[in-house]
Amino acid sequence: MIAQRTPPLIEYKHFSVSKKPLAVEDDDENRLVLTLHYNGMITECNKAGSRLLHCMPSELIWQHISRLLPQLKNVALMEGSNLNPYLHFLTRVGYKFEVISLNGARLVARVFFCEIGSTEHRFLRVIICPLSQERMAS
């Protein structure tokens with residue numbers, strides 16, 4: 001008896017892979033990408049993201065993340081040597097954060113947190129993806 005092959009349930013699409021490494025400087029028009037020290041201070045910001053907030057990247061450097069994400073004002077980013085599990089949970093469930101630019105403009109975004117770097121020099125990467133159809137009332 002010859003066994004019949006079942007068709008795959010998922011079709012995989014092959015995407016071309018960019019040879020350019022991913023970095024904070026990448027010009028992604030739809031995202032704000034930040035690098036933070038564990039104390040919450042912004043150390044890097046991508047140019048496209050700063051345009052979304054209508055400011056220069058240098059204006060965001062050494063601002064606390066809660067300046068942009070006020071919901072993080074009293075939230076510890078780290079628990080011990082790991083990312084706060086509550087923030088990890090919010091990322092996983094697609095929680096919508098309020099983002100406030102330096103000039104006071106408000107928008108709604110999904111926010112993703114991850115740890116980057118080596119064990120000696122670890123930082124947090126925060127990726128803020130605005131939901132263009134949703135704006136917060138001022």
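# Exercises on a predicted model

V93 lies in helix 3, which spans residues 85-93. The model that holds this helix is predicted. The exercises below go from the whole chain to single residues.

**Exercise 1. State how confident the predictor is in the protein as a whole, and what the model has for residues 6-27.**

Solution.
- Step 1. Take the average: the pLDDT of the protein is 79.
- Step 2. Take the share of residues that score at least 70, which is 74%.
- Step 3. Turn to residues 6-27, where pLDDT stays under 50.
- Step 4. Count contacts for that stretch: the model has twelve beyond four places in sequence.

**Exercise 2. Describe the order of the secondary structure, the burial and the surface of the protein.**

Solution.
- Step 1. Count the elements: the protein has seven strands and three helices.
- Step 2. Read them from the N terminus, which gives β-β-α-α-β-β-α-β-β-β.
- Step 3. Of the 138 residues, 34% are buried.
- Step 4. About 9,800 Å² is exposed, and 55% of this area comes from carbon and sulfur atoms.
- Step 5. For contacts between residues at least 6 apart in sequence, 44% join residues at least 24 apart.

**Exercise 3. Find which residues of helix 3 are buried, where they sit around the axis, and what they pack against.**

Solution.
- Step 1. The buried residues in helix 3 are L87, L90 and T91.
- Step 2. These residues are on the same side of helix 3, because the arc they cover around the axis is only 100 degrees.
- Step 3. Their packing partners are three strands: strand 4 (82-83), strand 5 (96-100) and strand 6 (106-117).
- Step 4. Take L90 as one of the buried residues of helix 3. Its relative accessibility is 6%, so L90 falls under the 20% limit for a buried residue.
- Step 5. Leaving out residues up to four places away in sequence, L90 touches Y95 and F97.
- Step 6. L90 and F113 are 23 residues apart in sequence, and their C-alpha atoms are 9.4 Å apart in space.

**Exercise 4. Which residues make the nonpolar surface patch, and is V93 buried, exposed or partly exposed?**

Solution.
- Step 1. The patch is formed by Y86, F89, V93 and Y95 and has an area of about 400 Å².
- Step 2. The relative accessible area of V93 is 47%.
- Step 3. A patch residue needs over 30% relative accessible area, so V93 with 47% passes that cut-off.
- Step 4. Exposed means over 50%, so V93 is classed as partly exposed.

**Exercise 5. Identify the salt bridge and give the accessibility of each partner.**

Solution.
- Step 1. Apply the cut-off of 4 Å between side-chain nitrogen and carboxyl oxygen. The count is one salt bridge.
- Step 2. The partners are E98 and R106, with 2.4 Å from N to O.
- Step 3. E98 is buried because its relative accessibility is 14%.
- Step 4. R106 has a relative accessible area of 29%, so R106 is partly exposed.

**Exercise 6. Locate N84 and list what it touches.**

Solution.
- Step 1. N84 belongs to the loop between strand 4 and helix 3.
- Step 2. With a relative accessibility of 10%, N84 is buried.
- Step 3. Residues up to four places away in sequence are not counted; N84 then touches V75, A76, L77, M78 and E79.
- Step 4. F113 is 29 residues from N84 along the chain, with 9.6 Å between the C-alpha atoms.

**Exercise 7. For H54 and W62, give the sign of phi, the loop and the exposure.**

Solution.
- Step 1. Recall the background: most residues other than glycine have a negative phi.
- Step 2. H54 has a positive phi, near 60 degrees.
- Step 3. The loop that holds H54 runs between helix 1 (47-52) and helix 2 (57-60).
- Step 4. H54 is exposed at 59% relative accessibility.
- Step 5. Phi of W62 is also positive, near 70 degrees.
- Step 6. W62 is in the loop between helix 2 and strand 3 (78-79).
- Step 7. The relative accessible area of W62 is 53%, so W62 is exposed.

**Exercise 8. Place K47 and give its distance to L32.**

Solution.
- Step 1. K47 is part of helix 1.
- Step 2. Its relative accessible area is 54%, so K47 is exposed.
- Step 3. From C-alpha to C-alpha, K47 and L32 are 8.3 Å apart, with a separation of 15 residues in sequence.

Conventions. Residues are numbered from 1 along each chain as its sequence is written. This is a predicted model: local features need pLDDT of at least 70, side-chain atom pairs count only at pLDDT 80 or more; totals for chains, interfaces and linings use all residues. Side-chain values use heavy atoms; hydrogens and water are left out. Patches are made of residues with over 30% relative accessible area and no salt bridge: like charges are joined within 9 Å, nonpolar side chains (Val, Leu, Ile, Met, Phe, Trp, Tyr) within 5 Å. Accessible areas come from the Shrake-Rupley method with a 1.4 Å probe; for residues, only the protein chains shown count as cover. Helices (H or I, at least four residues) and strands (E, at least two) are DSSP runs, numbered from the N terminus. Buried means under 20% relative accessible area, exposed over 50%, partly exposed in between (1.4 Å probe, protein chains only). pLDDT is the predictor's confidence in each residue, from 0 to 100. Contact means heavy atoms within 4.5 Å. The arc is that of the directions from the helix axis to the C-beta atoms.
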